[in-house]
Amino acid sequence: MSSDIVLDVRDLHAYYGKSHVLQGVSLSVRAGEVVTLLGRNGAGKTTTLRSIAGSLVPPAGQVSFQGREVAGQEAYKIAAGGLCLVPEHRGIFSLLSVEENLAIAVRRSSPWQLADIYRIFPRLKERRKNGGAQLSGGEQQMLAIARALLNHPRLLMLDEPVEGLAPVIVEEIVAQLRQVRATGMPIVLVEQNLEVCCQLADRHYILEQGRVVYTAGNADFLADHAAKDRYLGVNVAA
């Protein structure tokens with residue numbers, strides 16, 4: 001395995017009951033790289049993230065993170081090792097304030113501390129005394145990402161971070177993710193908004209029926225209108 005590969009997934013399988021959802025998914029993420037997992041609903045994108053993060057135990061396949069095999073480990077051990085998933089439901093504590101949500105996530109060893117979070121996410125500083133339930137959907141998403149950063153991730157996986165958000169908030173979160181990326185943080189992004197994906201990503205994987213059916217760098221993907229139409233049923237302006 002190349003020394004710059006942070007995450008290496010090989011022939012990953014997953015089931016929900018008798019349903020064979022992932023059928024041999026393989027992908028890799030290099031240091032400092034943003035990689036997207038694309039595909040129609042039900043293609044296996046979220047299941048791939050959950051299998052990598054350990055919240056769903058894969059019956060077959062390999063997940064190597066920073067050179068260590070983590071497939072089959074408990075999710076909390078995988079997270080403690082720096083592989084962090086921000087799920088679609090966000091999982092913030094609605095009865096705690098923004099600052100309390102952040103404070104319980106702070107790790108002294110993390111290069112990310114509250115001052116860094118408030119610099120990148122000024123809305124959170126403004127709302128720091130507000131309860132989690134008082135935040136808008138976009139602010140809750142910012143809080144979920146910020147809390148993950150405080151946990152000292154070495155790789156960040158984001159599941160639908162801008163789904164259902166107003167365009168102005170989407171732009172704000174994209175700008176924030178660019179700042180995170182600029183620190184060298186590798187990111188795996190599952191997102192239906194292709195414009196967002198193409199603004200952020202170095203490479204793309206497309207899943208269809210639990211298999212990787214296409215992979216390309218961002219420039220090649222933007223130019224490949226036939227692939228976008230065939231696998232996603234949409235197109236993206238260059």
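Modeller: We start with a term: a disulfide is a pair of cysteine sulfur atoms within 2.5 Å. This is a predicted model: local features need pLDDT of at least 70, side-chain atom pairs count only at pLDDT 80 or more, and totals for chains, interfaces and linings use all residues. Residues are numbered from 1 along each chain as its sequence is written, and side-chain values use heavy atoms, with hydrogens and water left out.

Biologist: How many disulfides does the count come to by this rule?

Modeller: The general idea comes before the case. A disulfide is a covalent bond between the sulfur atoms of two cysteines. Here the count is zero.

Biologist: Why is there no bond between Cys198 and Cys197?

Modeller: Look at the sulfurs. The closest cysteine sulfur to that of Cys198 is in Cys197, and at 6.6 Å it is too far for a bond.

Biologist: Is Cys197 buried or exposed?

Modeller: Use relative accessible area. Buried means under 20%, exposed over 50%, and partly exposed in between (1.4 Å probe, protein chains only). Cys197 has a value of 0%, so this residue is buried. Cys198 also counts as buried, at 11%.

Biologist: Let us move to helices. How many of the nine residues of H1 are buried?

Modeller: Names first. Helices (H or I, at least four residues) and strands (E, at least two) are DSSP runs, numbered from the N terminus. In an α-helix there are 3.6 residues a turn, so residues three or four places apart point the same way. In H1, seven of the nine residues are buried, so the helix is largely enclosed by the rest of the structure. Among them are Lys45, Thr47 and Leu49. Just after H1 comes Gly54, with a positive phi of about 90°.

Biologist: Now the strands. In what order do the four strands of the open sheet stand?

Modeller: Pairing needs a rule. Two strands pair if DSSP finds at least two bridges between them. The order is E2-E1-E4-E5, with antiparallel pairing. Strand E2 (19–30) and strand E5 (68–69) are at the edges; each has a single partner strand, so one side of each is left without a neighbour in the sheet.

Biologist: How many bridges join E4 to E5?

Modeller: Two bridges join them, and strand E4 covers residues 60–65. Ser64 has Glu69 of E5 as its bridge partner.

Biologist: Which strand pairs with E9?

Modeller: Strand E10 (residues 211–217) does. It pairs with E9 (residues 203–208) in the antiparallel sense over six bridges. One place to look is His204, which stands opposite Ala216 in E10. The hairpin has two residues between the strands, and Gln209 takes a positive phi near 50° there.

Biologist: What does Leu124 touch?

Modeller: Contact means heavy atoms within 4.5 Å. Leu124 sits in helix H5 (residues 122–126). Its relative accessibility is 1%, so Leu124 counts as buried. Leaving out residues up to four places away in sequence, its contacts include Val98, Ile117, Met142 and Leu143.

Biologist: And Glu99: which residues are touched by it?

Modeller: Glu99 lies in helix H3 (residues 98–103). With 23% relative accessibility, Glu99 counts as partly exposed. Again leaving out residues up to four places away, Glu99 touches Tyr118, Arg128 and Lys129. Glu99 and Gly131 are 32 residues apart in sequence, with C-alpha atoms 8.9 Å apart.

Biologist: Next, empty space. How many cavities of 30 Å³ or more does the structure hold?

Modeller: Picture a 1 Å grid over the protein atoms alone. A cavity is a set of points where a 1.4 Å probe fits but cannot get out; a pocket is an open set with protein on both sides within 12 Å along at least five of seven lines; lining residues have an atom within 4 Å of a point. Points are joined across faces, edges and corners, and a volume is the space filled by probe spheres set on them. There are two such cavities here. The largest has a volume of about 50 Å³. Its lining includes Val34, Leu158 and Arg181. Helix H7 (167–182) and strand E8 (187–190) each give two or more residues to that lining.

Biologist: What about the largest pocket: which residues lie nearest its centre?

Modeller: They are Ala79, Cys84, Leu85, Val86 and Pro87, out of 23 lining residues. The pocket holds about 470 Å³ of space. Elements supplying at least two lining residues include helix H1 (45–53) and helix H6 (137–150).
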